[in-house]
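Look at how the copies of a chain meet one another. Then follow the strands that cross from one chain to the next.

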There are 6 protein chains.
Amino acid sequence: MFAVEVRDHIMLAHSLPGEVFGPAQGLHGATYVVDVAFFRETLSDDGIVVDIGRAHDALKAALKPLNYANLDALPQFQGVATTTEFLCKHIFDRLADAARSGALGPGSEGLQKIRVVLGESHLARAWYEGAL
Amino acid sequence: MFAVEVRDHIMLAHSLPGEVFGPAQGLHGATYVVDVAFFRETLSDDGIVVDIGRAHDALKAALKPLNYANLDALPQFQGVATTTEFLCKHIFDRLADAARSGALGPGSEGLQKIRVVLGESHLARAWYEGAL
Amino acid sequence: MFAVEVRDHIMLAHSLPGEVFGPAQGLHGATYVVDVAFFRETLSDDGIVVDIGRAHDALKAALKPLNYANLDALPQFQGVATTTEFLCKHIFDRLADAARSGALGPGSEGLQKIRVVLGESHLARAWYEGAL
Amino acid sequence: MFAVEVRDHIMLAHSLPGEVFGPAQGLHGATYVVDVAFFRETLSDDGIVVDIGRAHDALKAALKPLNYANLDALPQFQGVATTTEFLCKHIFDRLADAARSGALGPGSEGLQKIRVVLGESHLARAWYEGAL
Amino acid sequence: MFAVEVRDHIMLAHSLPGEVFGPAQGLHGATYVVDVAFFRETLSDDGIVVDIGRAHDALKAALKPLNYANLDALPQFQGVATTTEFLCKHIFDRLADAARSGALGPGSEGLQKIRVVLGESHLARAWYEGAL
Amino acid sequence: MFAVEVRDHIMLAHSLPGEVFGPAQGLHGATYVVDVAFFRETLSDDGIVVDIGRAHDALKAALKPLNYANLDALPQFQGVATTTEFLCKHIFDRLADAARSGALGPGSEGLQKIRVVLGESHLARAWYEGAL
């Protein structure tokens with residue numbers, strides 16, 4: 001299995017309602033360093049998994065609504081705990097859409113899997129990996 | 001598949017008996033940076049894999065007997081080569097016990113897999129990954 | 001010159017009023033990985049710059065009011081742009097106080113300089129360095 | 001599953017023919033930080049996956065023809081787009097040969113999988129993972 | 001003293017003529033991860049050292065002629081050994097010009113020092129630091 | 001000021017006698033990732049600070065007596081607390097000797113300063129910087 005992974009980041013505010021979140025129940029924030037890996041069993045005719053430039057662009061587009069935002073104020077996140085795990089899946093869904101729509105360019109038709117990793121500090125990260 | 005990963009570290013002394021270990025046969029030591037990932041197919045009702053705070057606590061408890069220790073002097077490691085690989089599995093077993101006993105709190109009943117990575121330098125690391 | 005440096009982190013929300021801040025004018029957030037270095041010309045009688053355990057504790061105490069907080073809502077930051085640079089100096093002042101009060105333990109009486117570095121992502125960081 | 005991973009690096013020049021590569025069509029270069037992981041279901045009699053020293057040596061041998069080279073001038077790469085993905089597989093093949101020939105020493109007969117990761121910058125990397 | 005540091009990278013080919021360079025005498029290449037720090041004794045009226053967005057833009061502009069290039073073919077580097085150290089100074093000069101011309105925006109008039117660090121691998125880096 | 005920095009590492013055992021060291025009073029160990037920077041005001045005729053290959057060799061030679069060792073058993077460290085800070089200075093002294101003796105090759109006659117950084121974990125490091 002081949003993979004290509006690209007990195008970007010977002011800086012956002014949110015609160016996590018629920019006793020399990022302890023001090024994170026209050027409004028606070030995070031920088032998430034986001035690594036997205038795209039997987040293919042074989043390389044495309046160009047000898048790539050996916051065009052790295054387009055992968056970077058698709059990631060930036062997926063992150064745009066979250067960057068410099070307060071998630072508590074965004075309609076799409078009402079009633080949702082925007083945990084790191086949840087955000088991994090949210091970004092995965094955006095990139096899976098991009099892959100299926102051809103926005104990732106030549107090679108994207110053969111993508112089989114995407115993994116989204118969010119690093120929230122030097123001590124903790126979360127990820128979601130799913131088939132296309 | 002979702003995952004959450006937390007980091008801690010230990011500083012210990014040991015020796016590795018056996019010709020294959022070359023200079024590591026003598027008493028020396030290591031800092032191991034320990035990353036433990038917990039995996040679930042779906043998120044818990046709280047929208048998490050496992051409570052990150054409890055995961056950090058469980059990891060710290062698992063590492064305590066090893067930290068600032070000379071493994072050669074510990075009864076539980078007599079007659080054992082405490083290689084990085086072996087220590088990965090040793091820590092995995094402690095955390096699998098913690099997960100099964102409920103010590104990881106809400107969400108831990110749905111954990112399916114744990115991975116323990118030990119980085120011994122910027123050039124080498126080892127890991128063990130197993131089902132629960 | 002000798003130095004010892006310890007690391008911790010904070011996760012907070014804030015907004016940065018002023019056109020120069022572009023999209024950071026809205027409420028957003030950040031994880032700051034905080035590295036604090038303590039400097040001495042010569043080592044203490046114990047052969048150290050400062051007790052690493054106490055340095056970690058003093059750093060944690062300095063960061064506590066900022067961690068999991070919304071800086072916009074804290075009285076001490078009203079009317080202030082809590083830029084990364086500003087926060088470096090703010091944390092420096094807390095640690096300089098700790099050093100002067102003896103809270104850093106044996107060795108702290110000989111400290112000559114402190115440097116506080118805040119990493120806000122893999123692409124940007126800021127620091128403040130000052131004499132004691 | 002157990003794994004051991006070792007790191008080395010190469011510095012090379014190449015060009016990538018094909019419109020999809022944009023500015024990388026011209027002669028340029030890269031430092032690739034190379035991480036190779038070796039996998040075994042169980043540990044060897046020595047309690048290891050593979051001898052780390054021999055793993056480092058085998059990796060260095062696999063990388064030697066690529067290091068400080070202009071890939072465009074090497075006969076083995078004529079007519080090939082030496083993408084990061086392609087180089088992952090190329091290095092995988094060399095190390096799979098080493099494993100099968102016993103060059104990795106005791107433990108290598110039980111290896112089941114190898115993964116080769118090439119980091120080309122702090123923002124992008126690629127890998128190939130295959131069974132032995 | 002305050003500082004703000006931003007990161008970018010370049011991928012280039014070159015050769016280093018002279019026996020001292022050993023295998024680097026042949027045409028090869030490198031990824032340089034470039035960290036540029038800007039220093040001011042006091043913060044600007046906006047509470048910053050320099051606008052991070054403009055700093056990123058100025059760095060990107062300074063790196064553009066080097067990125068995806070073969071330095072051996074560029075007129076400005078004829079007869080010059082484009083060592084990592086030399087490139088640090090070359091980039092410093094471009095950014096010093098940007099600072100002096102006001103291209104870094106509000107705050108840049110108070111800049112006192114710039115440091116340019118080039119990381120060529122996980123094992124080696126070089127830097128140049130100079131006054132403005 | 002120009003600088004070139006190279007990295008290596010050591011894995012050793014030791015104990016730190018004295019109440020201030022808490023749990024580190026017992027025999028334990030550490031991996032130290034060692035970064036050594038060499039400084040010159042101007043570049044040598046070859047356009048370098050110092051030959052990176054020779055710098056790596058000199059560092060390896062300086063570290064050899066410490067690597068895979070139990071410092072408590074080495075005659076040169078009897079009665080000494082081998083703190084991270086102390087080891088920085090110890091390695092500095094070896095490399096200053098190497099620089100003065102010409103072992104670092106062309107360029108070393110112009111070296112003005114050396115800095116030795118020892119990272120003992122992802123959370124703590126120490127350094128010593130001195131003139132030649």
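The paragraphs below take two chain pairs in turn and then turn to the strands.

The model is predicted, and the values given here are computed from it.

Begin with chain A and chain C. How many residues does each chain bring to the contact? Chain A puts in 21 residues, and chain C puts in 21 residues. The size of an interface is often given as the accessible area lost when the parts come together. For chain A and chain C, the buried area is about 1,700 Å², with 68% of it on carbon and sulfur atoms. Across this interface there are zero salt bridges by the rule used. Polar contacts are found there, however: seven residue pairs, with both residues at pLDDT 80 or more.

Which strands of chain A supply the side that touches chain C? Strand E1 (2-14) and strand E2 (28-40) each provide at least two residues of that side. The most comes from E1(A), which gives six residues. Sorted by class, the side of chain A that touches chain C holds 11 nonpolar, seven polar and three charged residues.

Next comes the way these two chains are arranged. Two copies of a chain are related by a rotation about an axis and a shift along it. For chain A and chain C, a turn of 180° with a shift of 0.0 Å along the axis lays one on the other with an RMSD of 0.0 Å. Why can it be said that the copies meet through the same surface? The reason is that 100% of the interface residues of chain A are also interface residues in chain C.

Now take chain B and chain F. Here 21 residues of chain B touch 21 residues of chain F. Together the two chains bury about 1,700 Å², and 69% of that lies on carbon and sulfur atoms. Between chain B and chain F the salt bridge count is zero. The count of residue pairs in polar contact is seven, both residues being at pLDDT 80 or more.

On the side of chain B that touches chain F, strand E1 (2-14) and strand E2 (28-40) of chain B each contribute at least two residues. E1(B) accounts for the largest share, six residues. The residues of this side of chain B fall into 11 nonpolar, seven polar and three charged.

How is chain B laid on chain F? A turn of 180° and a shift of 0.0 Å along the axis do it, with an RMSD of 0.0 Å. That is the relation of a two-fold axis. Both copies use the same surface, since 100% of the contact residues of chain B recur in chain F.

The last topic is strand pairing, with chain F at its centre. Within chain F, strand E3 (residues 113-119) pairs with E4(F) in the antiparallel sense over seven bridges. In this pair, F:Arg115 stands opposite F:Glu129 in E4(F). E3(F) and E4(F) make a hairpin, and four residues lie between them.

Strand pairing also joins two chains. Which strand of chain C is joined to strand E4 (residues 124-131) of chain F? Strand E1 (residues 2-14) of chain C is the partner; the two run antiparallel and are joined by five bridges. One residue to find here is C:Ala3, which stands opposite F:Trp127 in E4(F). E4(F) thus has bridges to E1 of chain C and to E3(F).

Conventions: Residues are numbered from 1 along each chain as its sequence is written. Chains are lettered from A and ligands numbered from 1 in the order in which they are written. This is a predicted model: local features need pLDDT of at least 70, side-chain atom pairs count only at pLDDT 80 or more; totals for chains, interfaces and linings use all residues. Side-chain values use heavy atoms; hydrogens and water are left out. Contact means heavy atoms within 4.5 Å. Buried area is the accessible area (1.4 Å probe) that two parts lose on being put together, summed over both. A salt bridge is a side-chain nitrogen of Lys or Arg within 4 Å of a carboxyl oxygen of Asp or Glu. A polar contact is a pair of N or O atoms within 3.5 Å; within protein, one must be able to donate a hydrogen and the other to accept it, and residues adjacent in sequence count only if both atoms are side-chain atoms. Ala, Val, Leu, Ile, Met, Phe, Trp, Tyr, Cys and Pro count as nonpolar, Asp, Glu, Lys and Arg as charged, and the others, Gly among them, as polar. Two strands pair if DSSP finds at least two bridges between them. Copies are superposed by least squares on the C-alpha atoms of residues with pLDDT of at least 70 in both.
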